[in-house]
Structure formats: C-alpha cells, structure tokens
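Me: I am new to this structure and would like a close look at a single part of it. Please take the nonpolar patch on the surface and set it in the context of the chain.

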Amino acid sequence: MSGGEVAGILVAVFWAILVSFLALALVRLAQTLKAATRLVAEVTEQAVPLLSEASATVREANTQLARVDSIASDVQEVTSNASALSSTVSTAFGGPLVKVAAFGYGVRRAIGRKGRAEEGPAPARNVVIGKTLPSARWGGRRNRGSKG
C-alpha cells in the first residue's frame, strides 16, 4: 500500500465516523421533535377547556359587575335623597328647635337664680384648719358660664 492509499483509507474512516455522529445527532433531534410535538398536542388539549372556563368566568364577572354598578347607582340616589331630606328637616325644624332650647335654658336659669335668692347667699368658701378651699360647686356645670 502506498501513502496515497493509506491517506484515502484514513479519510474514508474519518468520513464514516463523521457521518455516524451526524446520523446519531439527527436521530436524537427527531426524537426531541416528536416529544415536543406530543407535548404541544397535550397542552392544546388541556388549554381549550381552560380557555372556555376562563371565558365563562369572565362573562359571569361582567354580569356581577353590572349588578354592582346598578346597586351603586341606587345607593348614590338614596344617599342624595337622604341628604336632601336631612337639609330639609334641618331647615324646617332647626331654627324653631334652637329657639325652644334657648327659651328652656333661659327659664331654667331664671328659676335657678330665683331659688338661690330665696335660700340666701351660699358660702363661697369653706375654712379647714387655716386653709381656704373652694366650695363644692365651684366651676360646676351650673356655674360654668357665670361667676355669680
């Protein structure tokens, strides 16, 4: 065998090894593509029912939102009516009620002063062991606004 024949055999063996590696890679690539195809088919089979359920859920949510919107508008109307009624009642009865309360306060105060004038002047202070203490009613509710 000559050197050219040995070189030819080496090149042929190299090409045979290269072709076998490429064939092995192509077989594995084909298996991977088949697995990917099966996976996509399974995902598609499961996704279609999920999408239909999601669509039904969205339709139901839209229906509920329409109901809530209707309720919210009714509540807004009731609130505005209550506000109008409150202002009407305040306008109609507020002034006279304030006048009646002021009259009652005046009558109570006049009766209270008349009762104190009949009893005589109450002692303003009590003396205890050389100390002067304010009376029990000093600054009380009845005397809060006046000094006498």
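Reply: What follows starts with the chain as a whole and then turns to the patch and its surroundings.

This is a predicted model. Its chain averages a pLDDT of 83, and 77% of the residues score at least 70. The chain has one helix and two strands, and from the N terminus on these run in the order α-β-β. Confidence varies between the elements: helix 1 has the highest mean pLDDT, 90, while strand 1 (residues 125–128) has the lowest, 54.

Little of the chain is covered by other parts of the protein. Of its 148 residues, 1% are buried. About 13200 Å² is exposed, and carbon and sulfur atoms supply 67% of that area.

The patch itself consists of M1, V6, I9, L10, V13, I17, F21 and L24. Together these nonpolar residues have about 810 Å² of accessible area on the surface. One of them, I17, sits in helix 1, which covers residues 3–119. I17 has a relative accessibility of 42%, so it counts as partly exposed; the category lies between buried, under 20%, and exposed, over 50%.

A record also covers this part of the chain. In an unreviewed entry, UniProt lists residues 6–29 as "transmembrane region". In the model, the span of residues 6–29 is 100% helix and 0% strand. The C-alpha atoms at the two ends of that span lie 34 Å apart.

Two aromatic residues complete the view. The structure holds one aromatic pair, formed by F14 and W15. Their arrangement is edge-to-face, with 6.2 Å from centre to centre and 70 degrees between the planes. Both F14 and W15 are exposed, whereas I17 in the patch is partly exposed.

In short, the patch is a group of eight named residues, M1, V6, I9, L10, V13, I17, F21 and L24, on the surface.

Technical notes
Residues are numbered from 1 along each chain as its sequence is written. This is a predicted model: local features need pLDDT of at least 70, side-chain atom pairs count only at pLDDT 80 or more; totals for chains, interfaces and linings use all residues. Side-chain values use heavy atoms; hydrogens and water are left out. Patches are made of residues with over 30% relative accessible area and no salt bridge: like charges are joined within 9 Å, nonpolar side chains (Val, Leu, Ile, Met, Phe, Trp, Tyr) within 5 Å. Accessible areas come from the Shrake-Rupley method with a 1.4 Å probe; for residues, only the protein chains shown count as cover. A salt bridge is a side-chain nitrogen of Lys or Arg within 4 Å of a carboxyl oxygen of Asp or Glu. Helices (H or I, at least four residues) and strands (E, at least two) are DSSP runs, numbered from the N terminus. Buried means under 20% relative accessible area, exposed over 50%, partly exposed in between (1.4 Å probe, protein chains only). Rings of Phe, Tyr and Trp (its six-membered ring) pair if their centres lie within 6.5 Å; planes under 30 degrees apart count as stacked, over 60 as edge-to-face and the rest as tilted. UniProt positions are given in the numbering used here, feature names are shortened, and annotations may be inferred rather than shown by experiment. pLDDT is the predictor's confidence in each residue, from 0 to 100.
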